[in-house]
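Here are my notes on the model, set out as numbered points for you to check against the coordinates. They begin with the surface and then move to the interior, the aromatic pairs and the backbone.

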Amino acid sequence: MAVDYIVIVVYLAGMLAMGWWGMRRARSKSEFLVAGRRLGPSMYSGTMAAIVLGGASTIGGVGLGYQYGLSGAWMVFTIGLGLLALSIFFSARIARLKVYTVSEMLDLRYGGRAGVISGVVMWAYTLMLAVTSTIAYATIFDVLFDMNRTLAIILGGSIVVAYSTLGGMWSITLTDMVQFVVKTIGVLLLLLPIAVVKAGGFSEMKAQLPTEYFDPLGIGGETIFTYVLIYTFGMLIGQDIWQRVFTARSDKTAKWGGTVAGTYCLAYALAGAVIGTAAKVLYPNLASADDAFATIVKDELPVGVRGLVLAAALAAVMSTSSGALIACATVANNDIWARLRGVVRPGGGGEHDEVKGNRTFILIMGLAVIGTAIALNDVVEALTVAYNLLVGGLLVPILGGLLWKRGTAQGALAAVAVGGVAVIALMATYGILANEPVYYGLLSSLAAYLIVSLATPATDEAVLAAWRERLAGRAPEPVSEQVPAHQ
């Protein structure tokens with residue numbers, strides 16, 4: 001596997017080199033956190049697709065295909081649907097807000113009183129998203145180097161923390177673009193056709209497997225509905241996704257570039273399911289469905305190609321991990337730490353350079369992510385808790401703020417508190433992996449938002465007027481984001 005090792009080592013070295021290059025560009029808060037809001041359509045589409053298609057979408061997507069056949073595509077498919085909905089209906093308005101975090105958007109909309117509690121919920125979500133992505137390094141490095149779990153997590157996590165800390169969003173954007181290309185070549189152009197050919201083609205796959213493997217709804221209607229609630233709605237409100245929207249050069253870039261990325265996700269979903277179905281034909285008795293990706297790569301691909309496909313899996317994990325890490329650090333610094341110190345700047349203003357502080361927070365959060373990943377065993381439960389809290393607590397006040405003028409700060413806070421408590425109580429009652437917590441948590445959050453908003457005075461008209469100016473893109477650009485003439 002010497003050639004495969006060389007491919008992987010060159011890839012990892014390239015990631016670090018891009019981190020160093022990105023450090024030279026990230027000289028302001030805007031450059032460091034949102035790449036100066038200057039990404040054009042091609043780079044925006046590639047990096048957006050890279051962050052949403054992580055290890056769960058690649059290794060997990062193939063595993064679902066192994067277990068359920070073509071209907072295993074639904075998890076990743078609902079991620080793509082969420083990205084399409086965000087891009088078509090909301091991203092242009094989000095991009096025009098010129099903020100850095102979801103909590104800043106809530107402050108602008110509701111008058112500056114919803115930030116800390118929403119920041120804590122969002123921080124927990126982004127932290128666990130980064131942790132689960134980091135744990136996935138163990139699977140990949142075990143296949144590559146027969147490396148033990150802890151060492152694999154430290155190696156993969158350290159590389160991501162290093163390039164993210166050095167250059168912030170510029171480094172992450174550059175590495176994500178490379179990861180998007182590697183992923184496209186490795187998974188779509190190489191592994192997909194090779195897996196189908198090795199399995200004997202679609203006719204042989206149909207002959208070897210039960211008919212339900214080719215039923216589009218075989219995974220079950222309730223499962224699909226839960227995926228929509230968790231992943232489609234999660235795409236609409238996650239800080240990691242919004243922070244990429246903030247990098248767009250214009251609202252049109254955010255809308256159409258995101259639409260292209262969402263469409264790419266739909267194709268990637270189907271590819272993963274087909275690869276998993278082919279693996280079921282080749283290896284019908286694997287101990288775990290999640291072993292399907294590593295097994296088919298290790299046993300069926302030629303030297304060199306195997307290294308590239310494993311690099312593609314590594315790319316998928318790293319893109320999500322780095323995106324979640326900078327989102328986690330941004331929320332921790334801007335929404336929690338700054339507010340605890342009484343330094344609140346709704347809208348992202350501020351004349352001084354905050355790169356050093358944000359860089360420090362990425363390093364601290366990165367070390368916390370690596371430590372938590374080493375200590376944690378059940379990643380599925382951890383991620384489920386994070387998504388349930390995110391959707392159950394924050395979906396209603398965020399979408400309500402964008403869509404319903406009568407929503408108030410009190411209603412938003414009630415929705416976060418009631419939805420969050422309901423989700424936690426229901427997970428304790430029904431179990432973490434049950435569907436009921438997110439169903440009833442979301443309904444209770446909606447009820448609290450509507451009732452409390454209608455029972456409290458409407459949001460001050462001056463706040464709403466400033467909000468409308470922001471949404472329309474007519475508000476003055478923050479001083480810290482004005483590009484000097486020489487650029």
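1. A residue is called exposed when its relative accessible area is over 50% and buried when that value is under 20%, with partly exposed in between. The model is a predicted one, and local features were accepted where pLDDT is at least 70. With a relative accessible area of 56%, L189 is exposed because its value is over the 50% cut-off. L189 lies in helix α8, which covers residues 149–198, and together with V181 and I185 it forms a nonpolar patch on the surface, the accessible area of the three being about 250 Å².

2. In soluble globular proteins, nonpolar side chains tend to be buried together. Here the largest nonpolar core contains 157 residues, and the members that touch the most others are V52, L86, L314, M318 and Y387. Helix α14, residues 305–340, gives the most to this core, with 17 residues.

3. Which residues does M318 touch, once those up to four places away in sequence are set aside? The contacts are with Y11, L12 and M15, with Y137, with G156, I159, V160 and Y163, and with Q179.

4. Helix α6, residues 102–110, is mostly covered, since nine of its nine residues count as buried under the 20% cut-off. Among these buried residues are the charged-type side chains' positions E104, D107 and R109, listed alongside V102, M105, L106 and Y110. Just after α6, G111 takes a positive phi of about 95°.

5. The search of the whole structure finds nine aromatic pairs. In one of them, F225 and Y439, the ring centres are 5.5 Å apart and the planes are at 55°, so the pair is classed as tilted. This pair links distant parts of the chain, with F225 in helix α10 (residues 221–237) and Y439 in helix α18 (residues 436–455), 214 residues apart. The two partners should be described separately when burial is discussed: F225 counts as partly exposed because its relative accessibility is 46%, whereas Y439 counts as buried because its value is 17%.

6. A further pair is formed by Y227 and Y231, whose ring centres are 5.8 Å apart with planes at 50°, so this pair too is tilted. Because Y227 and Y231 are four residues apart in helix α10, they are separated by about one helical turn. An α-helix has 3.6 residues a turn, so residues three or four places apart point the same way. Both Y227 and Y231 are buried, and ring pairs link them with Y125 and Y387 into a cluster. Y387 was also named above among the core residues that touch the most other members.

7. Two backbone angles in the loop between α2 and α3 deserve a look. A35 has a positive phi of about 55° although it is not a glycine, and its place is in the loop between α2 (29–34) and α3 (41–52). Is A35 buried or exposed? A35 is buried, because its relative accessible area is 0%. R37 lies in the loop between α2 and α3 as well, and its phi is near 55°, again a positive value in a residue other than glycine. R37 is likewise buried, because its relative accessible area is 5%.

Note on methods: Residues numbered from 1 in each chain as written. Predicted model: local features only at pLDDT ≥ 70, side-chain atom pairs only at ≥ 80, totals over all residues. Heavy atoms only, no water. Core = buried A, V, L, I, M, F, W, Y, C linked by side-chain atoms within 4.5 Å. Buried < 20%, exposed > 50% of the residue type's maximum accessible area, 1.4 Å probe, protein only. Contact = heavy atoms within 4.5 Å. Patch = residues over 30% accessible without salt bridge, like charges linked within 9 Å, V, L, I, M, F, W, Y side chains within 5 Å. Areas by Shrake-Rupley, 256 points an atom, 1.4 Å probe, with all protein chains shown as cover. Salt bridge = Lys/Arg side-chain N within 4 Å of Asp/Glu carboxyl O. Phe/Tyr/Trp six-rings, centres within 6.5 Å; stacked < 30°, edge-to-face > 60°.
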